[in-house]
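Work through the exercises below with the structure open beside you. Try each task before reading its solution.

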Amino acid sequence: MESRGVPPGPYRATKLWNEVTTSFRAGMPLRKHRQHFKKYGNCFTAGEAVDWLYDLLRNNSNFGPEVTRQQTLQLLRKFLKNHIIEDIKGRWGSENVDDNNQLFRFPAASPLKTPPRRHPELRKNNIENFSKDKDSIFKLRNLSRRTPKKHGLHLSQENAEKMKHEIIKEDQENAADNRELSQENVEEVWRYVILIYLQTILGVPSLEEVINPKQVIPKYIMYNMANTSKHGVVILQNKSDDLPHWVLSAMKCLANWPRSNDMNNPTYVGFERDVFRTIADYFLDLPEPLLTFEYYELFVNILGLLQPHLERVAIDALQLCCLLLPPPNRRKLQLLMRMISRMSQNVDMPKLHDTMGTRSLMIHTFSRCVLCCAEEVDLDELLAGRLVSFLMDHHQEILQVPSYLQTAVEKHLDYLKKGHIENPGDGLFAPLPTYSYCKQISAQEFDEQKVSTSQAAIAELLENIIKNRSLPPKEKRKKLKQFQKEYPLIYQKRFPTTESEAALFGDKPTIKQPMLILRKPKFRSLRY
């Protein structure tokens, strides 16, 4: 079952929770079970629920195929705690669920959570305050040139020359007397430009449901843009905010394993596991996640763009959002993503866990220290895992400095100094990223397109078999026979007659001879 799509907005995690619980309640198969010599109807085992939920989550674009069975079991435990399910005796409230044959059922009460609603007056005040701030920031002097008043049909030549000299003089004064911009003006331009770009990339009419403009701190953006190493990693002026030296050394050791020269300590069996545990303990003990509690809603909303056809949008949106982070957080995120990405791709890396692969271990270990809500949210682990997986795969693009943003701000400031901007939206002179968004279609249209697309891919596969000259004729015949058995309609469309099929191998068509029609002999009567 695929995601029906949760629109951007506040409390998106709660809406996703409601979507998953509704799908689970509607789709989970119920049947009779026997336990302790008694029969129970309309119930399911914990193992059956894990199987069904595991398949649901892996096929849901909000979570993705990297969801583990252990994470699914953890979600089922939260279902029991929140009374989405109850055991066969009606007990709930704990997380006492294992992947076994224990019986559970659905309660009669609705499992949906109600998102808290902001008071409309508070929401209105937030919008009005931001509008007033923008107007005061970009309120510029009016540079409309004075036009001569026509007291008659014609102006005298003398007055016309006089007016001409006044206009030239005014232009020269305007050119020489550029407006002085304060640091506050510069910072507000940065805030305004990045919000405009983010709104354009996400394709939403407004960002007020996703982020409060006052949460955007221009000094962080400016620092993250200007103070970077040749690899694009933020350089901190205050070294007390940086990672401790022993953590950096441990991260370099695992990122460059086994070629690291930074640590000269002798290794032993299990050495790499101890180093990894040291790094994990440091990040898990941080007071808040690297993406901060403040930006939780922002990043959760971007998680809904993490789909194959919107991958480019998600990368550009995350690129801007990560610029909003405090510089120490951005630096830690950059170094962490570089390390776990290298470790996941390193075939020489020893096993760091008895049952989990390296990539799954990285996601499972560090997801909560990257994205987490200040208040406990039931889907935190799954949402964070989805985001960390995407960051691992695209961290080089996401965590680099976007040059178009710097260009846009410089142009904006230049025109602001010269007084050429009268409206806030007139200052974006760098080209905006362009995207084509998908048009919503009905379920029937989706099914038809899915079938036609898959049939086209299968037909292309048939053509590849036909045109493959390296295949021996015998092998090609075998593959074509197998294809005909699996996809008879597509095969018949490609080879409508036996002649067309025989022409592929240069054979003469085998024409079945018509059966001879034998006349029945007339038996003469023996009587004369």
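The exercises that follow deal with side-chain contacts in a predicted model.

**Exercise 1. A salt bridge inside one helix**

Task: Find the salt-bridge partner of D274 and state where the two residues lie.

Solution.
Step 1. D274 forms a salt bridge with R277. The closest N and O atoms are 2.9 Å apart, and the cut-off is 4 Å.
Step 2. Both residues belong to helix α9, which covers residues 271–284. D274 and R277 are three residues apart, about one turn of the helix.
Step 3. D274 has a relative accessibility of 31%, so D274 counts as partly exposed. R277 has a relative accessible area of 44% and is also partly exposed.

**Exercise 2. Salt bridges between helices**

Task: For the pairs D393 with R359 and E463 with R494, name the helices that are joined.

Solution.
Step 1. D393 and R359 meet through their side chains in a salt bridge, with an N to O distance of 3.1 Å. The pair links distant parts of the chain: D393 is in helix α14 (residues 380–398) and R359 is in helix α13 (residues 358–370), 34 residues apart.
Step 2. D393 is partly exposed at 47% relative accessibility, and R359 is partly exposed at 24%.
Step 3. For E463 and R494, the N to O distance in the salt bridge is 2.5 Å. E463 lies in helix α16 (residues 443–467) and R494 in helix α18 (residues 488–494), so this pair ties together parts that are 31 residues apart in sequence.
Step 4. E463 is partly exposed with a relative accessible area of 23%, and R494 is partly exposed at 33%.
Step 5. R494 has a further contact: its charged end sits over the ring of F495, 5.0 Å from the ring centre.

**Exercise 3. The salt bridges of the whole structure**

Task: How many salt bridges does a search of the whole structure find, and which residues does the network with R69 link?

Solution.
Step 1. The search of the whole structure finds 15 salt bridges.
Step 2. The network of salt bridges links D51, R69 and D99.

**Exercise 4. Aromatic pairs**

Task: Describe the ring pairs W17 with F79 and F276 with F366, and decide whether their residues are buried or exposed.

Solution.
Step 1. A pair of aromatic rings is described by the distance of the centres and the angle of the planes.
Step 2. The count for the structure is 14 aromatic pairs. In one of them, W17 and F79, the centres are 5.3 Å apart and the planes are at 80 degrees. The pair is edge-to-face because planes over 60 degrees apart are counted that way.
Step 3. W17 lies in helix α1 (residues 12–27) and F79 in helix α3 (residues 69–81), so the pair ties together parts that are 62 residues apart in sequence.
Step 4. W17 is buried at 2% relative accessibility, and F79 is buried at 0%.
Step 5. F276 and F366 also form an edge-to-face pair, at 5.8 Å centre to centre and 90 degrees between the planes. F276 is in helix α9 and F366 in helix α13, so this pair ties together parts that are 90 residues apart in sequence. Both F276 and F366 are buried.
Step 6. W17 and F79 belong to one aromatic cluster, together with F24, F44, W52 and F106.

**Exercise 5. Cysteines**

Task: How many disulfides does the structure hold, and why is C322 not bonded to C321?

Solution.
Step 1. A disulfide is a covalent bond between the sulfur atoms of two cysteines.
Step 2. The structure holds zero disulfides.
Step 3. The closest cysteine sulfur to that of C322 is in C321, at 7.0 Å, which is too far for a bond.
Step 4. C322 is buried, with 1% relative accessibility. C253 is buried as well, at 4%.

**Exercise 6. Nonpolar cores**

Task: Which residues have the most contacts inside the largest nonpolar core, and what does F24 touch?

Solution.
Step 1. The largest nonpolar core has 119 residues. Those with the most contacts inside this core are F24, L76, F79, F283, M337, F366 and L405.
Step 2. Helix α6 (residues 183–202) gives the most to this core, with eleven residues.
Step 3. Leaving out residues up to four places away in sequence, F24 touches F44, A49, W52, L53, L76, F79, I85 and F106.
Step 4. Another core, of ten residues, lies apart from the largest one; among its residues are I466, L480, I490 and F495.

Definitions and conventions:
Residues are numbered from 1 along each chain as its sequence is written. This is a predicted model: local features need pLDDT of at least 70, side-chain atom pairs count only at pLDDT 80 or more; totals for chains, interfaces and linings use all residues. Side-chain values use heavy atoms; hydrogens and water are left out. Helices (H or I, at least four residues) and strands (E, at least two) are DSSP runs, numbered from the N terminus. Buried means under 20% relative accessible area, exposed over 50%, partly exposed in between (1.4 Å probe, protein chains only). Rings of Phe, Tyr and Trp (its six-membered ring) pair if their centres lie within 6.5 Å; planes under 30 degrees apart count as stacked, over 60 as edge-to-face and the rest as tilted. A charge sits over a ring if NZ of Lys or CZ of Arg is within 6 Å of the ring centre and within 35 degrees of the ring normal. A disulfide is a pair of cysteine sulfur atoms within 2.5 Å. A nonpolar core is a set of buried Ala, Val, Leu, Ile, Met, Phe, Trp, Tyr and Cys residues joined through side-chain atoms within 4.5 Å. Contact means heavy atoms within 4.5 Å.
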